[in-house]
Amino acid sequence: MSRTTLVEAPDEVTAAAPVVPRRQRPARRWRRVVSPVVLVLGWELAARTGLLAAEKLPAPSDVLVTGWRLSRDGTLGIHLLDSLTRAGAGLLIGGLLALALGTVAGLLRLGDDLVDPPVQMARMLPHLGLVPLLIIWVGIGESLKISLVALGAFFPIYFNTYAGIRDIDERLVEAARTCGLGQAARLRHVVLPGALPSLFLGLRLAIGAAWLSLVVGEQVNAQTGIGFLMMEAREFSQTDVVVLGLLVYALLGLISDLALRILERRMLTWRRGLRAT
Amino acid sequence: MASRTAGHLSGATPVLTAHAVHRAFGPTVVLAGVDLTIARGEVVALLGGSGSGKSTLLRILAGLDGEASGEIVVHGTAAVVFQEHRLLPWKRVAPNVGLGLSGADTDGRIQRALAEVGLADRHRAWPAELSGGQAQRVAVARALVREPDLLLLDEPFGALDALTRLRMQVLLRRLRAEHGFAALLVTHDVEEALLLADRILLLDEGRIAADLPVDLAPTRTPDDPAFGALRRHLLDRLGVPTT
């Protein structure tokens with residue numbers, strides 16, 4: 001008898017909160033496109049009528065044509081690949097180091113006492129201001145660019161790993177202990193998934209910092225890369241190539257952010273349930 | 001499960017013995033030598049005012065407090081249900097119930113445990129999609145699936161609304177009748193203690209101040225005059241004045 005009453009408990013009603021994805025109404029979405037389109041059209045018009053001098057700012061259509069030309073002859077591809085390699089290598093080195101140190105500082109009291117103070121001190125240094133020192137240390141070659149990216153990526157990942165681990169509800173760890181989970185199993189089932197949202201945030205900030213570091217790094221004696229392409233074009237007053245470089249940087253940032261968002265949505269499905277209630 | 005417990009240990013062995021349990025937070029002594037025995041299949045309620053140390057005692061018995069002293073022996077397995085459900089938000093209901101579970105047919109055991117708390121159809125839900133009562137039932141299933149000899153319940157229904165709490169109490173009585181587990185129920189609710197327990201302990205000033213058997217008919221209702229008398233007696237002991 002008690003079973004039926006329990007199954008039909010009235011609290012079921014509140015439970016079935018509908019998961020309605022909040023989409024903007026189509027009309028509003030289109031309205032948001034209007035001003036960027038008007039701006040680009042105005043730019044095109046100003047350049048075409050000679051209001052804007054071509055050497056100051058070429059028309060967007062000219063930039064696209066240049067982009068098409070440079071991708072067809074392979075120039076853009078080579079430079080893009082080099083830039084991506086630098087960003088990838090720097091992110092990997094800085095990110096793994098940050099992950100390791102952040103985990104040690106977040107999990108162990110000794111690690112916290114030993115690792116966190118120097119990192120907090122170093123955080124105050126603007127890493128792009130370290131360029132002169134880095135040139136003396138590692139030279140002006142490839143290692144400079146990779147070091148800069150690694151430095152830029154390190155801090156956001158370190159701090160978010162640390163905070164992600166620290167913010168885990170101690171009561172959940174306790175509950176896992178009463179379920180017989182050992183140290184390693186608690187790391188796998190409680191700490192890692194609990195810190196994951198924070199790790200994603202750190203990664204996104206790190207990727208942003210990586211592109212920024214790359215922009216600066218590639219302007220120091222580079223022979224390849226998008227930054228080099230832009231610096232070289234400046235010397236020959238090829239403004240269209242400079243603008244193209246900027247566009248590529250922007251697109252890289254946009255694409256990486258989008259990819260990460262998609263990955264995040266896939267791996268953190270449970271948070272959507274959280275928002276629904 | 002009742003046969004399993006009867007099989008591997010004689011009925012005389014208590015499922016839990018605690019001796020001289022002591023715990024202080026700085027200069028404040030919370031538990032000043034608590035002795036406690038729970039027999040196999042016995043449900044004991046631990047009553048006390050807020051701050052009397054009843055939750056502290058339960059945490060010590062659950063092995064969650066490394067800084068307490070005293071001797072604690074648990075014969076068999078124990079499982080804990082906390083006041084909050086403490087389900088992992090990133091696991092669906094079924095993996096939450098089966099957390100740390102090993103052995104044959106875990107899926108079947110999880111499904112049976114969920115069916116017992118009336119939530120068989122919610123095994124794919126995220127904890128955030130459940131109501132408070134449902135989440136707490138999942139927490140009960142998570143404890144049940146381990147087939148514990150002793151269930152440690154830390155105000156398990158304290159955060160629920162009055163109606164849901166009554167349903168949970170009925171559920172617990174039914175599960176207890178089916179499985180025959182022993183339980184220590186920490187509560188501040190005198191009626192809950194009287195409805196569920198075979199014996200009531202009063203915790204006061206860090207010691208067990210009273211140990212009262214509950215001699216009531218198996219089908220207990222608060223309307224029973226004996227129930228009312230016992231309730232009054234307990235409230236007196238807890239220092240709640242008569243109006």
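This is a short tour of chain B in a predicted model, going from its strands to its domains.

**Stop 1: the hairpin.** Select residues 16-25 of chain B, which form strand β1. Then add residues 28-38 of chain B, which form strand β2. The two strands run antiparallel and are joined by 8 bridges. For one facing pair, show B:V21 in the first strand together with B:V34, which stands opposite B:V21 in β2(B). Next, go to the turn of this hairpin, where 2 residues lie between the strands. Pick B:G26 there: its phi is positive, near 65 degrees.

**Stop 2: the other partner strand.** Keep β1(B) selected and add residues 69-74 of chain B, which are strand β4. This pairing is also antiparallel, with 5 bridges. Show B:H22 and look across to β4(B), where B:S69 stands opposite.

**Stop 3: the two domains.** Colour residues 2-77 and 147-237 of chain B as domain 1, and residues 91-146 as domain 2. Domain 1 is thus written as two segments of chain B. The centres of the two domains, taken over C-alpha atoms, are 24 Å apart.

**Stop 4: where the domains touch.** How many residues of each domain of chain B are in contact with the other domain? Domain 1 of chain B brings 12 residues, and domain 2 of chain B brings 8. On the domain 1 side, select helix α6, residues 162-179 of chain B, which gives the most to this side, with 4 residues. Finally, colour the domain 1 side by residue class: 9 of its residues are nonpolar, 2 are polar and 1 is charged.

How values were computed
Residues are numbered from 1 along each chain as its sequence is written. Chains are lettered from A and ligands numbered from 1 in the order in which they are written. This is a predicted model: local features need pLDDT of at least 70, side-chain atom pairs count only at pLDDT 80 or more; totals for chains, interfaces and linings use all residues. Two strands pair if DSSP finds at least two bridges between them. Domain bounds come from an automatic or database domain assignment. Two residues are in contact if their C-beta atoms, placed from the backbone, lie within 7 Å. Ala, Val, Leu, Ile, Met, Phe, Trp, Tyr, Cys and Pro count as nonpolar, Asp, Glu, Lys and Arg as charged, and the others, Gly among them, as polar.
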